[in-house]
Amino acid sequence: MLTRPIVALITPTFNNGHLLNRLYKSIKSQTYKKFCWIVIDDGSTDSTKSIVKGFKGLEIIYFRQKNSGPNSARNRAVKLMPTTCKYIIDIDSDDTFHNAKTLEFMVKDIESSKKNIGMIGYSSVDGISGKRSSFTQKPEIVIDFKESLKGKKIKGEFIFIQKREVLKISKWPEKIWGYEGIRHWEINKHVDYLLVSNPGRIYYRDRKENLTSPESTVKRSFKMAIAINELMKQHGKALKK
C-alpha cells in the first residue's frame, strides 16, 4: 500500500529489463524516500515483468500495455499517479540519478521555487565519458517560451522535475517517438522553466532503441517526419517569428 508519495518517478520501458536493475539501485539509494516508481511496460517480450516484480523495498506501480510508444506510456503513467503526488520526474530505463542525494535536492528546489516556475531542469552527464552533456549560459537561468524556441542559452538534454499542475497544459504527443520539445514548448507558453547546471542524471545510452543512436534514427525516420510536421503545426509560426 502506498504511503502518500509526494513524487512520482515515471519510467516507460520496452524490452529493457536488463537495464532496469541499474536504475532500481539508483532509485533505492536515494536519501529522499517519499516517492513511488511507476514502471510502464510498453508491450515487452523479454522478462521485464518478472524483473520488476523482483524489486523490493520500493513503492512500485507496474502496468503493462500494448506497445504504443514511450509517450503513450508516459501518459498512461500520469493516469496511474497517486493523488498525493505533487511532482513528477520522467527517468528512462537507461538513466540513473547522478548520486544518492539528487532526488532530495530536486524536491527541495521545486518546493522553494516561485509560482511562475513550472519545471526545473538539471544537466546530464554522459555515462561513458563522465563528461557533462548539457549546458546552461549561467549556473541558473530562467527560460520563457521565446528563449526556449531560440535555444541559445541552453544546450543538450536535461532531467526535469515538474509540478503536477503543468500536466493539465499538455499531454505527451502520442504516436511520436522523441521530440519532447513539442510538449515542453507548449507548457513553456504558460509557465517558465528554471534550468540549472547542477547535474541530475547519468545517461548511459545503451538501450537498443535509444532515440539518439544512428541505427534508431534510420529506423524511425518516417516517425521523425511525422513528429517534425506536428512540431511545425503547433509551433511553426512562433519559430518563424
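**Entry 1. Serine 113**

I began with serine 113, which counts as buried because its relative accessibility is 19%, and buried means under 20%. The model I am reading is a predicted one. I located serine 113 in the loop between helix H4 (102-111) and E6. I then looked up the polar partners of its side chain. The side chain of serine 113 reaches the backbone oxygen of isoleucine 110 at 2.7 Å. I also noted a polar contact of 3.2 Å between the side chains of serine 113 and lysine 163. With neighbours within four places in sequence left aside, I found serine 113 in contact with Ile120 and Lys163.

**Entry 2. Aspartate 126**

I turned next to aspartate 126, which I placed in strand E6 (residues 117-126). Is aspartate 126 buried or exposed? I recorded aspartate 126 as buried, since its relative accessibility is 18%. Which backbone nitrogen does the side chain of aspartate 126 reach at 2.8 Å? I identified the backbone nitrogen of isoleucine 128. A polar atom of the aspartate 126 side chain also lies 2.9 Å from the backbone nitrogen of serine 129. Not counting residues up to four places away in sequence, I listed Lys131, Ser133, Ile202, Tyr203 and Arg205 as residues that aspartate 126 touches.

**Entry 3. Salt bridges**

I searched the whole structure for salt bridges and obtained seven. One of them joins the side chains of arginine 74 and aspartate 92 at 3.2 Å, N to O. This pair links distant parts of the chain, 18 residues apart: I found arginine 74 in helix H3 (residues 70-80) and aspartate 92 in the loop between strand E4 (87-90) and strand E5 (95-97). I checked the burial of both partners. Arginine 74 counts as buried because its relative accessibility is 5%, and aspartate 92 is buried with a relative accessible area of 15%.

I next examined arginine 201 and glutamate 157, whose side chains meet in a salt bridge at 2.9 Å, N to O. Arginine 201 lies in strand E11 (residues 192-203) and glutamate 157 in the loop between strand E9 (154-155) and strand E10 (158-163), so I noted that the pair ties together parts 44 residues apart in sequence. Arginine 201 counts as buried at 6% relative accessibility, whereas glutamate 157 is partly exposed, with a relative accessible area of 36%. I also recorded a network of salt bridges that links Asp95, Glu157 and Arg201.

A further salt bridge that I looked up joins the side chains of glutamate 186 and lysine 189 at 3.1 Å, N to O. Here glutamate 186 is buried, with a relative accessible area of 19%, and lysine 189 is partly exposed, at 38%.

**Entry 4. Aromatic rings**

How many aromatic pairs does the structure hold? I noted four. For tryptophan 37 and phenylalanine 55, the ring centres are 5.9 Å apart and the planes stand at 15 degrees, so I classed the pair as stacked; planes under 30 degrees apart count as such. Tryptophan 37 lies in strand E2 (residues 35-42) and phenylalanine 55 in the loop between helix H2 (48-53) and strand E3 (60-65), so the pair ties together parts 18 residues apart in sequence. I found both tryptophan 37 and phenylalanine 55 buried. Ring pairs link Tyr24, Trp37 and Phe55 into a cluster.

**Entry 5. Charges over rings**

I looked last at arginine residues placed over rings. The charged end of arginine 22 sits over the ring of tyrosine 204, 3.9 Å from the ring centre. Arginine 74 lies over the face of tryptophan 172, at 4.8 Å from the ring centre. I had already met arginine 74 as the salt-bridge partner of aspartate 92.

Terms used. Residues are numbered from 1 along each chain as its sequence is written. This is a predicted model: local features need pLDDT of at least 70, side-chain atom pairs count only at pLDDT 80 or more; totals for chains, interfaces and linings use all residues. Side-chain values use heavy atoms; hydrogens and water are left out. Helices (H or I, at least four residues) and strands (E, at least two) are DSSP runs, numbered from the N terminus. Buried means under 20% relative accessible area, exposed over 50%, partly exposed in between (1.4 Å probe, protein chains only). A polar contact is a pair of N or O atoms within 3.5 Å; within protein, one must be able to donate a hydrogen and the other to accept it, and residues adjacent in sequence count only if both atoms are side-chain atoms. Contact means heavy atoms within 4.5 Å. Rings of Phe, Tyr and Trp (its six-membered ring) pair if their centres lie within 6.5 Å; planes under 30 degrees apart count as stacked, over 60 as edge-to-face and the rest as tilted. A charge sits over a ring if NZ of Lys or CZ of Arg is within 6 Å of the ring centre and within 35 degrees of the ring normal. A salt bridge is a side-chain nitrogen of Lys or Arg within 4 Å of a carboxyl oxygen of Asp or Glu.
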